[in-house]
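Colleague: Could you pick one part of this model and take me through it up close? I'd like to see how it fits in with the rest.

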Amino acid sequence: MVSDVRAQVVADPVLRGRVLLGDAPLAAGTVVLHQINDVTQGEIDSTRVAPDGTFSLRLPGVPNPTRGELYFAAVRHSGVMYFGYAVTQAVQLDSIYEIQAYDTLVAPAEGVPVTLEARHIFFEPEPNGTAWRLTDVFQLRNDLERTLVARPGGRVWSYPLPDVATEVLTGEGEMSADVITFEEGSLVVRAALPPGERMFVVRYTLASPEVAIPTPGGTEMFDVLVREPAPPLEIEGLVPAESIEMEGGATYRRFAGEDVAAPVVRVALGEERGPPPVRWIAVGLAAVLAVGGLLAFRGGSRRPTPVRVDAHHALLVEIARLDEEFQGRTSPSNAAKQEYRSRRAELIQRLKTSS
């Protein structure tokens, strides 16, 4: 009997890639390799790109899923860091690893009117019944072929919140709190915005669901979701749609609109009406917002379409940004070191548990 011996081919732990500047190769730059696992977390190697934009980096080994291990690479161009995807499996090393970079465009001091592709506002009553907590999800889209950057002391984009909003919290989604702030009634974004979509989240409190929501510049898709039980509401410019039942049984009354161009969307108490049909969505609100994935609900009878935001990528960006900022400090205090380690551990844990 002849036994069939099949040799197992061990993957070569080399990350071979290229950096693109728009559609052309980036002819100069340094690619930095990051490793994250249970033992090592941070930059481990770097290399210069070749004139044709290619590079090669040898890894310490193939990614080990049992250790929650992953690798990713980044390059800086014109002061902006650009990141590739997370490599978590050996099979990914068979493909060319691409990092997409862009030239920059300096925004005027007041910022630019970036396209607001979608906005989703979740109204939830506080447990004591005396106020409402709003989760306001913005999805921006940079339609230019350059990365928008702020000039010194300037901003990339800003947007007003309701003038009665209190307890405003920023810094969730894809951007950190030091580049998204709440200033004089408006959100102010100073983060670089590459071409494509970027999402961020802000939370604030209202004393009443009756509110005038500023909506300057137009919104391609606008949803307001109100957690039941809630008083009857009417929302100027939006129409009632199918309610949404989240995993766990929470039901949200939904109002929707497309190409909303009014400068203000007003929410007012309305007359009691029969409940609309309910559509069940197998995803919890907390999980949806925590990992950066968001369901964008279209109006009418059309099926909900997911807006895909790469949670891994967003967390990688934040980890690398945190490392870079900390390493740039000359003599950090013990408190600063502890804050850095704590924040980094939190981000890595989210990275390992995100899907």
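Modeller: Sure, with a bit of background to begin with. The chain has 3 helices and 26 strands, where helices (H or I, at least four residues) and strands (E, at least two) are DSSP runs, numbered from the N terminus. This is a predicted model, so local features need pLDDT of at least 70 and side-chain atom pairs count only at pLDDT 80 or more, while totals for chains, interfaces and linings use all residues. Residues are numbered from 1 along each chain as its sequence is written, and side-chain values use heavy atoms, leaving out hydrogens and water.

Let's zoom in on strand β1, which covers residues 14-21 and contains Val 19. Val 19 counts as buried because its relative accessibility is 0%; buried means under 20% relative accessible area, exposed is over 50%, and partly exposed is in between (1.4 Å probe, protein chains only). Who sits around Val 19? Skipping its neighbours within four places in sequence, Val 19 is in contact (heavy atoms within 4.5 Å) with Ala 24, Pro 25, Leu 26, Val 31, Val 49, Gly 53, Phe 55, Val 75 and Ile 99. Val 19 and Gly 84 are 65 residues apart in sequence, yet their C-alpha atoms are 9.3 Å apart in space. Long-range links like these show up across the chain: of the contacts between residues at least 6 apart in sequence, 71% join residues at least 24 apart.

Next door in the sequence is Arg 18, which is partly exposed, with a relative accessible area of 36%. The side chain of Arg 18 meets that of Glu 98 in a salt bridge, 2.4 Å from N to O; the rule asks for a side-chain nitrogen of Lys or Arg within 4 Å of a carboxyl oxygen of Asp or Glu. Arg 18 belongs to strand β1 and Glu 98 to strand β8 (residues 97-101), so this pair ties together parts that are 80 residues apart in sequence. Glu 98 is partly exposed too, at 31% relative accessibility.

Just ahead of our strand there's another tie. Asp 12 forms a salt bridge with Arg 58, their closest N and O atoms being 3.3 Å apart. Asp 12 lies in the segment before β1 and Arg 58 in strand β5 (residues 54-58), so parts 46 residues apart in sequence are tied together. Arg 58 is exposed, at 51% relative accessible area, whereas Asp 12 is partly exposed at 35%. By this rule, the count comes to 12 salt bridges. Elsewhere, Glu 117, Arg 141, Asp 143 and Glu 220 are linked in a network of them.

Now back to the inside. Buried residues make up 45% of the 355 residues in the chain. The largest nonpolar core (buried Ala, Val, Leu, Ile, Met, Phe, Trp, Tyr and Cys residues joined through side-chain atoms within 4.5 Å) has 40 residues, and Phe 123, Phe 138, Trp 157 and Val 224 have the most contacts inside it. A second, separate core has 27 residues, including Tyr 71, Ala 74, Ile 99 and Ala 101. You've met Ile 99 already: it is one of the contacts of Val 19. As a rule of thumb, nonpolar side chains in soluble globular proteins tend to be buried together.
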